[in-house]
Structures are given as structure tokens and as C-alpha cells.
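Dear colleague,

I am passing the structure below on to you, and my notes on what was found in it follow underneath. Please read them with the model open beside you.

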Amino acid sequence: MPIRRLILLGAPGAGKGTQAQKLMADLAIPQISTGDILRAAISRGTALGQEAKTYMERGVLVPDEVVIGLVEQRLAEADAATGWILDGFPRTPVQAEALDALLVGLGQPLEAVVLIDVPEAQLIERLTGRRSCAICKRIYHLRFNPPPPGPPYPSEHPDRPCELVQRPDDALEVVSKRQAVYRQSTEPLIAYYREQKKLQVLDGDRPPEIVYSELRRLLG
Ligand SMILES: [Zn+2]
């Protein structure tokens, strides 16, 4: 049986979002992220949504039992019956255990956890090399998608060259910090699923279409 209930893990810049988008479209299964669930529950004014809102308004983390309750309701919706991709949840082994219990209760056990693995030096290069033009907003990457040599520049402002700037989020210090936070918070989760023999590691240091075909092969 092909795998249709999975968790995707990957550091910022690993390309998890791109892979999830393709999977959703090709397998017709939803990607379920806690951010989206929270926003939806709050806008619909459900009981759990209102509870979550009170925590968010105070700027504190929404407690596990509220998040898990929301995930449970979301998984019970019709579009999730044939499968799903969980994104950004669980974040901790405690949440992972609660999720396991919940899924067993639903008769929909988790089938695989796929880690899109990219060496950190590579992730840092991917993220810090991004530049966009302050004038035409075009996005480049210094190494992987370099701006055209010029002049003349094939831009919408032919009178002057593109003015390439880096987003503050893509600065080296910010990117490095985010990688460290990700690594620290995700390592226990990876260990948890490795122990359960559900972890599959995919070499993400390749072009996205290659990574995707590997991913599809792995899911069967
Ligand atoms: Zn430009």
C-alpha cells in the first residue's frame, strides 16, 4: 500500500515547502499545518479556536492539549480521509506521543516521517545568496540563479541596472541562528521517529525535481 499519511521534516531552506506543494497536488491530500489550523479555528470561532486565541493574544504558546484537539478535529475532516502531510507538528516528542495515541484512536496510524536532509553549509549558502532587485522586485540567487550580466540588462527598467539587495531575514547571522534553533528543537523528534523505525532520510542536496522523484518512489 502506498504511504499517504506522513510528516515532512526539513530545516529552513531544505525545500520542504516545495516538495509538500507537489505532493499535495499529485496525491490530492491536504497539507495540515498548525498555523493554518489555528487561523481557521479562530476565524470560525470554534471553542478550541477561542481558547487558542486567548493564549495567542497573551503572546504565550498554545498548550499541547489545545493544539492536539485542533489537529484531531482537522484530521476528521473529509479531505483528510485518504491521507495527509503534517507540517510543523509535532514539534516535540511529547506532542509526537500524543499524536500517535490520537492517530491510533482514529485508525489512521502515521506511516512515515521523511526528513529532507541538506548539509547546513549548503542551507546557509542557499539562504544567504538570495537577492532581489529593489526596483523590479525580481529574485535572484548569486550562485544558483545569478542576475544577468550587463549592460544591457534585460529588465523592466532598462535605463539602469538592477539594484540587488538582501532581505534582513537572509542575513548570515539571522540564517545561522534559525538553523541552530531548528536543529536543537528537531533533534529529539528525529531521534523519536528513528527509534520507532518510521524515519526515512532523503538526500535533499540535489535539484528539487530529483528530490521529488525520490520522495515519490519512497512513498510507493
Ligand atoms: Zn531590477
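UniProt positions are given in the numbering used here, with feature names shortened, and its annotations may be inferred rather than shown by experiment. This is a predicted model, in which local features need pLDDT of at least 70 and side-chain atom pairs count only at pLDDT 80 or more, while totals for chains, interfaces and linings use all residues. Residues are numbered from 1 along each chain as its sequence is written, and side-chain values use heavy atoms, leaving out hydrogens and water.

Under "binding site", an unreviewed UniProt entry lists Thr34, Arg39, Val60, Leu61, Val62, Gly88, Phe89, Pro90, Arg91, Gln95, Arg167 and Arg178. These residues are spread over 145 residues of sequence and also in space, with up to 33.3 Å between C-alpha atoms.

Two of the listed residues can be placed in more detail, using helices (H or I, at least four residues) and strands (E, at least two) that are DSSP runs numbered from the N terminus. Arg39 belongs to helix α2 (residues 34-44), and its side chain makes a polar contact (N or O atoms within 3.5 Å, one able to donate a hydrogen and the other to accept it, with residues adjacent in sequence counting only if both atoms are side-chain atoms) with the side chain of Asp36 at 2.9 Å. Leu61 sits in the loop between α3 (47-57) and α4 (64-75). Arg39 counts as exposed because its relative accessibility is 54%, and Leu61 counts as exposed at 78%, where exposed means over 50% relative accessible area with a 1.4 Å probe, protein chains only.

With kind regards

Key
Buried < 20%, exposed > 50% of the residue type's maximum accessible area, 1.4 Å probe, protein only.
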